[in-house]
Amino acid sequence: MAKKISSLILVLAVLLALAACGGAKNEKVRVVVLGFDGANWPTIDPLIAAGKLPFLKKLKEQSAWADFRTDKPTKSSVVWTSIATGKTMVKHGILDFAYMKENNIQVPYSNAEKREPSLWQMLDRFQLRSVVVNWFVTHPPDLFNGVMVSDRFRQIMIKKPEFANQYVDTVQPKMDFYRLKQVIRRDYGRTIERIGMPDFPARFEKTHPGQDFRRHFTLQNSRTFVMQDALVEDVTDLLFQKESADLYMTYFRLPDITQHFVLRLLPDEFIAAMFPQGDVWDMSAEKQQQVIGRISQELEPVYRYMDRLLEKYLSDPKFKDAYFFIMSDHGFSLYSGGYNHYDLPDDMPAPPGILLVKGPKVKPGKTDACIYDIAPSILYLFGLPLDRTMDGKPLSDIFKLGRKVKYTTYVLDKDRKGIARKDSDQETLEELKALGYIN
Ligand SMILES: [Zn+2]
């Protein structure tokens, strides 16, 4: 009898051991998503060619990459939510009201509240753990297995240190706020030196002596934006190192911010020559290249910073076998008199962003992908079911993997979703106004 029991225990032990590794299909998948708002190939490629972005050059050769197709309205809040949900604006509910009005889009909702689960909420259903830093439209932070530093946390940079604790509800779990507070560095001079950024107002004054940089909203706030991205880097470093998770996501926005004021940094004579007064859209291809080339030069410190961030996270031994998704939400377009990704002429398509996918079983080379493909691709990598109502498909062609595709319906658990607060909406509104998104 004793022998029978012990052999039964042995069988059970073997079964348990099999279940422990077999359940995960013998592989531990880890995914890192790095977002860089507004980054685009037309301004990156000249810098790669000039040898200024050594890591990105190598990375592009070793990755599956794409001119990342995006969708109108190319507003960051809308697109980053589409990337995280795999769904269009009308489905996920983070709406651009001006665009809807212009295009006569009717939705049976009046509030701009997210209605669909994001990746971290889909993973949560399968007990997978996520770390999410600074993703667009994440305040108030959601409740899920993991850590969320909402995109409101960075506002701590514009508050006096004695008011910092007012930001405790920008992080979930709240306790994590106190350790993140420790990484805040407030010295602007040392920060720009550390991250290799120029003082943009000083740059403006050099080309425009006697003019006030405060007349331009994004330029006026550029020091804050620089400090905020440096803070995001520090927070990301801490959490990526200390937290054990399945999915890591973080987001930087300097490439977008700087492109919103980059024309201001160029000499008036150059602008006058390239965009003659009352110009209609007839800029020759040659002239366009000249302007893009000039813009690219001006963006060098920003992309060099991106290059170093990529090198840091992709070289981290912790992420040796991880899958990396590096992307932006849109690019920028030259149009009559300007350079933007929004308020473009109707016939101008949404300017594509960048996408790079790197990992142990990724086939390098150019591919085709759109913003709705990211969420299904990440679910696919984890071997989780996809959602039929998603607007994209997994990029299965770029992976040397034989995954069976299953489906389910993911629903947003309203009890575990952050509850909106009026004052923070107001602050977000002010910020968007400063960026020229809202008039
Ligand atoms: Zn954007």
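The zinc ion in this predicted model is coordinated by Asp 37 (OD), Ser 76 (OG), Asp 329 (OD) and His 330 (NE2), at 1.9 to 2.1 Å. The angles among its four donor atoms run from 99 to 124°, and the site is tetrahedral. For comparison, the ideal angle at a metal with four tetrahedral donors is 109.5 degrees.

**Zinc site in the fold**
- Along the sequence, the donor residues of the zinc ion follow the spacing D-x38-S-x252-D-H.
- Because Ser 76 belongs to helix α4 (residues 76-85) while Asp 329 sits in the loop between β7 (323-327) and β8 (333-335), the pair ties together parts that are 253 residues apart in sequence.
- Ser 76 and Asp 329 are both buried.

**Nonpolar cores**
- The largest nonpolar core has 80 residues, of which Leu 34, Ile 44 and Leu 310 touch the most other members, and helix α12 (residues 222-242) gives the most to this core, with 10 residues.
- Leu 310, when its neighbours within four places in sequence are left aside, is in contact with Leu 34, Phe 36, Phe 55, Leu 56, Leu 59, Ser 315 and Ile 326.
- Another core, of 48 residues, lies apart from this one and includes Val 29, Leu 381, Leu 386 and Leu 395.

**Surroundings of Val 107**
- Val 107 is located in the loop between α6 (97-102) and α7 (119-124), and it counts as buried because its relative accessibility is 15%, under the 20% cut-off.
- Not counting residues up to four places away in sequence, Val 107 touches Val 90, Leu 95 and Met 100; the C-alpha atoms of Val 107 and Leu 95 are 9.7 Å apart, with their positions 12 residues apart in sequence numbering.

How values were computed
Residues numbered from 1 in each chain as written. Predicted model: local features only at pLDDT ≥ 70, side-chain atom pairs only at ≥ 80, totals over all residues. Heavy atoms only, no water. Donors = N, O, S within 2.8 Å, 3.2 Å for Na, K, Ca; no water. Tetrahedral: all angles 85-135°; square planar, octahedral: opposite > 155°, others 65-115°. Helix = DSSP H or I, 4+ residues; strand = E, 2+ residues; numbered from the N terminus. Buried < 20%, exposed > 50% of the residue type's maximum accessible area, 1.4 Å probe, protein only. Contact = heavy atoms within 4.5 Å. Core = buried A, V, L, I, M, F, W, Y, C linked by side-chain atoms within 4.5 Å.
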